[in-house]
Amino acid sequence: MKITIVAGSNQKLATSTKLAQYIQHLAEQEGHQVKFVDLYQSPIPFYSPDDAHGGHEALESFKQALHEAEGIVLATPEYHSGISGVLKNALDHVGQDYFKNKAVLSVSSAGGAIAVSSLTQLQAIVRNLHGINCPEWLSIGGDQRNSFQTGAAHSDIHPDVDKRVRRVVSSFLDLTKQLTVKH
C-alpha cells in the first residue's frame, strides 16, 4: 500500500517528527511504500483563498503525496491545546478529493502527559475532509518523549511505548487495507 506521512512540525528535531519517522520505519518493514513529507524541511506557503500558489514545488509535492496515498498519517506537536500552525496551513491548501475514503491516523507529541486536544482537532479536520479516522490515535508525552529525543536508533525506544506504537500502526495499516480493498 501507499502511505503518506506528514510531519507537521516547524522544529528541526521535533519528537513528533521522530515518532513519524519511526512509524515510517514500521510501515516499510511491512513492505509498504511510504512518502514522508516533512513540513520543516519543505515549508508550504501561507494559504490564502486569493492566491492559488500554483507551481510552488513543496506544495505541489505535498498535494501529490496525499493524492497518491491509500492511507495518511498526520503527526503534530501540541501547541496550546491545538495542532501546529504549519500543519493547519498545509491542510488548508487541500480539499476532500485528497482525503475522501482514506484511512487517517492522527499522531501527536506534547510536553505534558498527553496531547488529546490536538488529536481531537485533527480528527475533526479529517472528518471535514471526508477521510476515515483510525479508531485509535497515538500521543506521546512527558517521559514517553525521551524515546524520541535522543536521535538514537529505534532500539532505544522504551518497550511499553514501542508496543503501543506498533499496535496502533498495525491497526491503522489494517484499516487502510480494508478501505483499499473496497475501492
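Leaving aside its neighbours within four places in sequence, which residues is Ser9 in contact with? In this predicted model, where contact means heavy atoms within 4.5 Å, the list reads Ala14, Ser16, Thr17, Leu39, Tyr40, Pro77, Tyr79, Ser84 and Val86. Ser9 sits in the loop between strand S1 (2-7) and helix H1 (15-29); helices (H or I, at least four residues) and strands (E, at least two) are DSSP runs, numbered from the N terminus. Ser9 counts as buried because its relative accessible area is 0%. Here buried means under 20% relative accessible area and exposed over 50%, with partly exposed in between (1.4 Å probe, protein chains only). The side chain of Ser9 also reaches the backbone nitrogen of Gln11, at 3.1 Å. That makes use of the polar contact idea: a pair of N or O atoms within 3.5 Å, where within protein one must be able to donate a hydrogen and the other to accept it, and residues adjacent in sequence count only if both atoms are side-chain atoms.

A word on the ground rules. Residues are numbered from 1 along each chain as its sequence is written, and side-chain values use heavy atoms, with hydrogens and water left out. As the model is a predicted one, local features need pLDDT of at least 70 and side-chain atom pairs count only at pLDDT 80 or more, while totals for chains, interfaces and linings use all residues.

Now for the whole protein. There are 6 helices and 6 strands, and along the sequence they follow the pattern β-α-β-α-β-α-β-α-β-β-α-α. Of the 183 residues, 51% are buried. Among contacts with a separation of 6 or more, 78% come from residues 24 or more positions apart.

Next come the strands. Strand S3 (residues 71-77) is mostly covered, with 7 of its 7 residues buried. Gly71, Val73, Ala75 and Pro77 point one way from S3, while Ile72, Leu74 and Thr76 point the other way. In a regular strand the side chains alternate between the two faces of the sheet. S3 runs parallel to S1, joined by 5 bridges, and two strands pair if DSSP finds at least two bridges between them. Ile5 has Val73 as its bridge partner in S3.

S3 also pairs with strand S4 (residues 103-110), in the parallel sense over 7 bridges. Two of the matched positions are Ala75 opposite Val107 and Pro77 opposite Ser109. S4 is mostly covered as well, since 8 of its 8 residues are buried. From S4, Ala103, Leu105, Val107 and Ser109 point one way, and Val104, Ser106, Ser108 and Ala110 the other. S4 pairs in the parallel sense with strand S5 (residues 132-133) over 2 bridges, where Val104 stands opposite Asn133. With S6, S4 forms 4 bridges, again parallel, and Ser108 faces Ser139 there.

What links S3 to S4? S3, helix H3 (residues 85-92) and S4 make a right-handed β-α-β unit. Right-handed here means that, with the strands pointing away from the viewer, the path from the first strand over the helix to the second runs clockwise. The buried residues of H3 are Leu87, Asn89, Ala90 and Leu91, and they pack against S1, helix H2 (57-68), S3 and helix H4 (116-128).After H3, the loop that leads to S4 holds Gln96. Gln96 is partly exposed, with a relative accessible area of 37%. Not counting residues up to four places away in sequence, Gln96 touches Asn128, Leu129 and His130. The C-alpha atoms of Gln96 and Asn128 are separated by 7.6 Å, although the two are 32 residues apart along the chain.

Back to H1, then. This helix is largely enclosed by the rest of the structure, because 11 of its 15 residues are buried; among them are Thr15, Leu19, Tyr22, Ile23 and Leu26. At 1.5 Å a residue, H1 should span 21 Å, and its end C-alpha atoms are indeed 21 Å apart. The expected span is 1.5 Å times one less than the number of residues. Just after H1, Gly31 takes a positive phi of about 90°.

Finally, the inside. A nonpolar core is a set of buried Ala, Val, Leu, Ile, Met, Phe, Trp, Tyr and Cys residues joined through side-chain atoms within 4.5 Å. The largest one has 28 residues, and those with the most contacts inside it are Ile5, Ile23, Val73, Val107, Val165 and Phe172. At least two residues of this core come from each of S1, H1, strand S2 (33-38), S3, S4, strand S6 (138-141) and helix H6 (159-182). H6 gives the most, with 8 residues. Another core, of 24 residues, lies apart from this one, and includes Ile44, Phe99, Leu122 and Leu129.
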